[in-house]
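Good morning, colleagues. I shall speak briefly about one structure, beginning with the packing of its helices and ending with its ligand. Please have the display in view.

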Amino acid sequence: MKKRIVAGNWKMNLNKEEATTVLQGVASYVASNNMPADVEVVICPPYPYLSLACELLKDSDVKVGAQNCSHEAKGAFTGEVSASMLADLGVTHVILGHSERRKYFKESDALILKKTRAAMSAGLNVIFCVGEDLHTREDEGQYLFVKNQLKDSVFMLSSSDLASLVVAYEPIWAIGTGKTASPEQANEMHYYIRDQFAENFDQPTADKLTILYGGSCKPANATDLFAQANVDGGLIGGASLKAEDFTGIIAATL
Ligand code: PGA
């Protein structure tokens, strides 16, 4: 069954008290609503709050994700966190290839592929981000751009690895800008991504792939975005920082 996912990416935001409030608010919403069997809710806090999140959500259906992991399994890598350490805590997902990591931390497709392999070896599900910048979209180069991001990374995986892969299409021009891709723009790109997976792997594998939209998704636009045939949920930044906004987006899956 193809999953639909609403994942919150807190980025480097919230303190411990605020984090607790959001985690409890989302957990209580999920517990008191009849969530469809194909819907998964994931919250990705910064590293220091992962233990807290795993502890607070241990009896909840809300899953915990990290925002990064090392490409190495262990050793002398000061400041790094391995995928198996995350799995050890109860973390089930990790966001990799986010445009902010590509831009500010110069992460290449090759490094992101190594991280993806490390995460999958530790049993984590990978939320793998792709997406073009404004300049590329204005030049109508978005399809080629995304194709190249996939070609040099996840298309190197084996088809059995794809069971733990989720793709998030996040046009950079829509992230944190308040400017959302239209439902049609999102659906077109998601259709294209699925088609690329069908070409590189096979159609049944592509049909099972969960493809999320990310970029200024909020309660007011989530219903229209999620109604698109190829949009299987969202990766939510700003609107995941308040329980009422995030649960307003989860409500769009009910
Ligand atoms: P945004 O961020 O929802 O604040 O635009 C999305 C993301 O970067 O994952």
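Let me begin with helix 10 and helix 11, which are roughly parallel to each other, because their axes cross at roughly 20 degrees and angles under 35 degrees count as roughly parallel. I should state at once that this is a predicted model. Helix 10 covers residues 219-226, helix 11 covers residues 243-250, and their axes come within 8 Å. As for handedness, the crossing of these two helices, 10 and 11, is right-handed.

Helix 11 also packs against helix 1, which spans residues 16-32. Here the axes lie 9 Å apart and the angle is about 30 degrees. That angle makes helix 1 roughly parallel to helix 11. Where helix 1 passes helix 11, the crossing is right-handed.

What, then, is the arrangement of helix 7 and helix 8? Helix 7 comprises residues 142-151 and helix 8 residues 183-200; their axes are 11 Å apart, at an angle of about 40 degrees. An angle of about 40 degrees is not under 35 degrees, and it is also outside the range of 65 to 115, so helix 7 and helix 8 are oblique to each other. Their crossing, that of helix 7 and helix 8, is right-handed.

I turn now to the ligand. How many residues surround it? There are 13, and the closest are K11, H98, E170, G176 and S216. By class, this shell consists of seven polar, four nonpolar and two charged residues.

Three contacts deserve a place on the slide. In the side chain of K11, an N or O atom is 2.7 Å from an oxygen atom of the ligand. The side chain of E170 likewise has an N or O atom 2.7 Å from a ligand oxygen atom. At S216 the partner is a polar backbone atom, 2.8 Å from an oxygen atom of the ligand. On its own, the ligand has 280 Å² of accessible area, and the protein covers 95% of that.

That concludes my presentation; I thank you for your attention.

Definitions and conventions
Residues numbered from 1 in each chain as written. Predicted model: local features only at pLDDT ≥ 70, side-chain atom pairs only at ≥ 80, totals over all residues. Heavy atoms only, no water. Near = heavy atom within 4 Å. Polar contact = N/O pair within 3.5 Å; in protein donor to acceptor, adjacent residues only side chain to side chain. Areas by Shrake-Rupley, 256 points an atom, 1.4 Å probe, with all protein chains shown as cover. Nonpolar A, V, L, I, M, F, W, Y, C, P; charged D, E, K, R; others polar. Axes fitted to C-alpha atoms, helices over the stretch in contact; angles between N-to-C directions. Helix = DSSP H or I, 4+ residues; strand = E, 2+ residues; numbered from the N terminus. Parallel < 35°, antiparallel > 145°, perpendicular 65-115°, else oblique. Left-handed = near helix turned anticlockwise from the far one by under 90°.
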